[in-house]
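Please read the following walk-through with the sequence and the model side by side. It is written to be followed step by step, one chain after the other.

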Amino acid sequence: MSNGAALTLGPLRLVARWSLRTADHAGRFSFLIADMFRGLAEWRIWVPRTLDQATAVGYGSLFIVLLVAGFAGAVTSLQTGYQFTGALPLYYAGAVISESMILELGPVLTALILAGRIGARYAAELGTMRVTEQIDALESLGRSPVSHLLIPRVVAGLLVIPALTMFANATGIVVGYLTAKGSLGLTYGDFEYGARYFFRPLDLWYSAIKSGCFAAALTTIPCYLGFNTQQGAEGVGRATTQAVVSASVAILMLDAVITKLLLVAK
Amino acid sequence: MIELLDVHKRFLQNVVLEGVSLEVKDGETVALLGPSGVGKSVTLKMINGLLRPDLGDVIVDGLHVPLLGRKELAQLRSKIGYVFQYGALFDSMSVAENIRLGITDETCYNDEKFCENRVLECLRLVNLPPEVATKLPAELSGGMKKRVGIARAIAGQPKYLLYDEPTSGLDPVNADVIDGLVERLRDELGVTSVVVSHDVRGSFRVADRVALLWQAKIRAVGPPDQILASKDPAVLQFLERDLEMTLIQAEGVARGRNV
């Protein structure tokens, strides 16, 4: 049905159609996740492939993640100086920069960058494999595409993304300190005092948990969309776009939910 | 034996198969002919359980394919070699690794020496030199990709071979080579085969029986001679349009067939 025809449908039918489509996606996504848990038993298949994926994804993403984290740290530092100078003691800048990076900017920016990089890669790879019948070929050989293709990608993401986030946190804090030193004249002693004053070891756990949840979203959603691609090259393009958009939206939604939960837990 | 019993399949409003029944006896080669988009590949995918019929049954080796669980289906698939239309080779793997994936017995699959020998044997069966083993699929021509696809399908020594358009996209010379290969594998390995094609000439060459799929139904089944002699308007229309009748009859006569 054309878009024009769809627009002439009654709102009730549109809502019903949207609900059915959402329920269909939710059902198939759940089955895929269940398949992945079942496939974990075939560790001889997915472990070696996970290491390959982790190397490709982790090493390949390191530069862009550190670059973005560095800029985020610098901008946070400059804005902190702009807003707080004269109003609060200078050592507060250390607290703001380190806490912002660890609790929010590090995990979220890393996840958003990787949603574009890894999400697009996974969806395009799996989508192309689907439309060129490589996934069917794997199934026809009596081998599980879930164990061969999906689990290695998801597990690699779950291992690598929290690690990248920690590197991003460290880079953002260091660049933030150097920027504050240059623009505000903040000493290392003041910065360290501020950072330590508000820091709790649990913050790092929060950062890791958050990035782990983001990793789950930004690997499973593109894998699901790529795995279910239809209609040739156009379908691959659509799946890739949807993967990046859906993963990014999921990250922002999870960010809100997890932040609320974490703050309550604190 | 492969049996399709009153199989129905539709995708949304598009009825693809409507009451299709077909029997392929052990050791027999059946060509499934029909125009593009008529449901030939869908039929093939139902035989090895990649798709399920909406109605009806598919029985392979005495097993009801739509009712099989994950493990049983994987076991059945290890007896079925599937040659995909465009090869469906894994881009990131070498030819040898692609063929090795076709070895479905796990003990054999984990035996490096066995795999190495089996890969070379399969390459020999499809008339490819051993040097091809180390190449990537992107380095191969279309005809070579098809042959590697066939090598992968036979690597597990299957009882059944399903060919999805084995000659599509190939020039006549390469198409002839592939047809010859299908014929030779039938004779050497004695497998039960289903060849899906719209290439009438090649199908008549390799098949013991031919089935014409027309407007979601099997319109005619029989040996090539019988199909050629059919007066059914649909069969005639298909043959006249796509077949180059004269050439086939001439070839049939040349090969001693009573056409």
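The paragraphs below take chain A, then the strands of chain B, and last the contact between the two chains.

What is shown here is a predicted model, and what follows should be read as a description of that prediction. Chain A has nine helices and zero strands, so that, as DSSP runs are counted here, every element met from its N terminus on is an α element. The C-alpha trace of chain A spans about 65 × 50 × 35 Å along its principal axes, and of the 266 residues in this chain 43% count as buried. When the contacts in chain A between residues at least 6 apart in sequence are considered, 90% of them join residues that are at least 24 apart.

Within chain A, helix α4 offers a useful place to pause. This helix covers residues 92-131 of chain A, and because a rise of 1.5 Å a residue leads one to expect a span of 58 Å for its 40 residues, the distance of 55 Å between its end C-alpha atoms agrees with that expectation. Along its course α4(A) nevertheless bends, by about 55°, at Met101(A). The helix is also mostly covered, since 29 of the 40 residues of α4(A) are buried, a residue being counted as such when 20 or more other C-beta atoms lie within 10 Å of its own. After α4(A) comes Glu133(A), whose phi is positive, near 65°.

Chain B brings strands into the picture. Four of them form an open sheet of chain B in the order β2-β1-β4-β5, with antiparallel pairing. At the edges of this sheet stand β2 (14-24) and β5 (63-64) of chain B, and because each has a single partner strand, one side of each is left without a neighbour in the sheet. The partner of β5(B) is strand β4, residues 55-60 of chain B, and these two strands pair in the antiparallel sense over two bridges; in β5(B), His64(B) is the bridge partner of Ile59(B).

Elsewhere in chain B, how is strand β3, residues 29-33, placed with respect to burial? This strand is mostly covered, with five of its five residues buried, and the cover extends to both of its faces: Thr29(B), Ala31(B) and Leu33(B) are buried on one side, while Val30(B) and Leu32(B) are buried on the other. Two parallel pairings of β3(B) can be followed from here. Five bridges join β3(B) to strand β8, residues 192-197 of chain B, and the two run parallel, with Leu33(B) standing opposite Ser197(B) in β8(B). Four bridges join β3(B) to β9(B), again in the parallel sense, and in β9(B) the bridge partner of Ala31(B) is Val210(B).

Strand β9, residues 209-214 of chain B, is in turn joined by five bridges to strand β10, residues 217-222 of chain B, and this pair runs antiparallel. In β10(B), Ile218(B) is the bridge partner of Leu213(B). The hairpin of β9(B) and β10(B) has two residues between the strands, and Gln215(B) takes a positive phi near 50° in this hairpin.

Finally, the two chains can be considered together. Ten residues of chain A are in contact with 13 residues of chain B. By class, the side of chain A that touches chain B has two nonpolar, four polar and four charged residues.

Terms used
Residues numbered from 1 in each chain as written. Chains lettered and ligands numbered in written order. Predicted model: local features only at pLDDT ≥ 70, side-chain atom pairs only at ≥ 80, totals over all residues. Contact = placed C-beta atoms within 7 Å. Nonpolar A, V, L, I, M, F, W, Y, C, P; charged D, E, K, R; others polar. Expected span 1.5 Å × (residues − 1). Bend = angle between axes of the 7 residues up to and from the residue. Buried ≥ 20, exposed ≤ 12 C-beta atoms within 10 Å, placed from the backbone. Pairing = 2+ DSSP bridges.
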